[in-house]
Amino acid sequence: MKRLTKPEVLQWIREVGIIPIVRVDSTELARRAVVAIQKGGVTVLEITMTVPGAVRMIHELTEEMGGEALIGAGTVLDPEIAKECLAAGAQFIVSPALNPKTVAYCKDEGVVVLPGALTPTEIVTAWNLGADMVKIFPAGEVGGGAGYLKAVKAPLTHIKMIPTGGVSLSTAKSFLEAGADALGVGSDLVNVSALRQGKDAQITERAKQFVQIVKEFRGETVSAEGRRA
């Protein structure tokens with residue numbers, strides 16, 4: 001699959017509204033997770049560098065899925081790893097932290113980059129360095145959840161934010177209401193225990209539920225705007 005333009009990648013992410021974080025300890029489990037998630041209607045996938053053979057997997061998935069899924073690389077901590085992932089076919093780069101050199105490299109390459117940040121200073125710094133969207137991490141465990149996102153989003157409405165960490169079926173809508181532009185979803189969707197028990201269908205079902213939450217929220221938002229108009 002050819003590399004998409006930044007506007008194309010960003011539009012894809014916004015339309016789906018969910019970035020599943022595939023973080024498992026074997027290639028076999030990762031592949032099954034990818035299949036289960038895609039069956040549930042989620043076509044954006046983040047393969048983290050903690051997955052064994054992650055770079056090779058990104059290459060294989062990109063070759064196999066073609067234009068059916070948007071494959072990105074996660075837990076990218078430096079520009080050297082980013083370069084390997086892009087060569088393998090990754091369409092976007094995600095990190096749990098802010099590495100200015102990685103952001104600069106992706107910016108020079110014309111690739112979407114989502115660095116991690118938590119405090120207002122970190123968020124603004126990431127944005128000013130050239131982040132396309134800022135991953136608010138960990139949004140739940142330390143960030144305080146949707147309430148925190150709403151608070152930082154209020155004065156920073158121009159910054160696109162993706163809360164990650166603490167996003168679940170029970171909190172997804174509240175994060176969207178707080179101003180999330182998309183949701184980074186980890187273990188609440190990519191359930192390692194379910195995979196090990198062969199319950200891949202559970203992941204497919206949860207993916208469908210996340211998709212439905214996003215659709216319903218956006219439908220409600222559009223309806224509300226229509227009534228105000």
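Colleague: In what order do the three strands of the open sheet stand?

Modeller: This is a predicted model. The sheet is open and its pairing is parallel. Its three strands stand in the order E6-E7-E8.

Colleague: Which strands stand at the edges of the sheet, each with a single partner strand?

Modeller: A strand with a single partner strand has one side left without a neighbour in the sheet. That applies to two strands, so the edges are E6 (116-117) and E8 (161-163).

Colleague: What is the bridge partner of Val-134 in E8?

Modeller: Strand E7 covers residues 134-136 and pairs with E8 in the parallel sense over three bridges. Within E8, the partner of Val-134 is Met-161.

Colleague: Which strands does helix H7 touch?

Modeller: Helix H7, residues 146-153, packs on the sheet. Its direction makes about 165° with that of E8. The strands that H7 touches are E7 and E8.

Colleague: At about what angle to E7 does helix H6 run?

Modeller: Helix H6 spans residues 120-129 and lies across E6, E7 and E8. Its angle to E7 is about 160°.

Colleague: Why is there no bond between the sulfur of Cys-85 and the closest cysteine sulfur?

Modeller: A disulfide requires cysteine sulfur atoms within 2.5 Å. The closest cysteine sulfur to that of Cys-85 is in Cys-106, and the distance is too far for a bond: 9.3 Å.

Colleague: How many disulfides does the structure hold, and is Cys-106 buried or exposed?

Modeller: The number of disulfides is zero. Buried means under 20% relative accessible area. Cys-106 has a relative accessible area of 0%, so Cys-106 is buried.

Methods: Residues numbered from 1 in each chain as written. Predicted model: local features only at pLDDT ≥ 70, side-chain atom pairs only at ≥ 80, totals over all residues. Heavy atoms only, no water. Pairing = 2+ DSSP bridges. Helix = DSSP H or I, 4+ residues; strand = E, 2+ residues; numbered from the N terminus. Contact = heavy atoms within 4.5 Å. Axes fitted to C-alpha atoms, helices over the stretch in contact; angles between N-to-C directions. Buried < 20%, exposed > 50% of the residue type's maximum accessible area, 1.4 Å probe, protein only.
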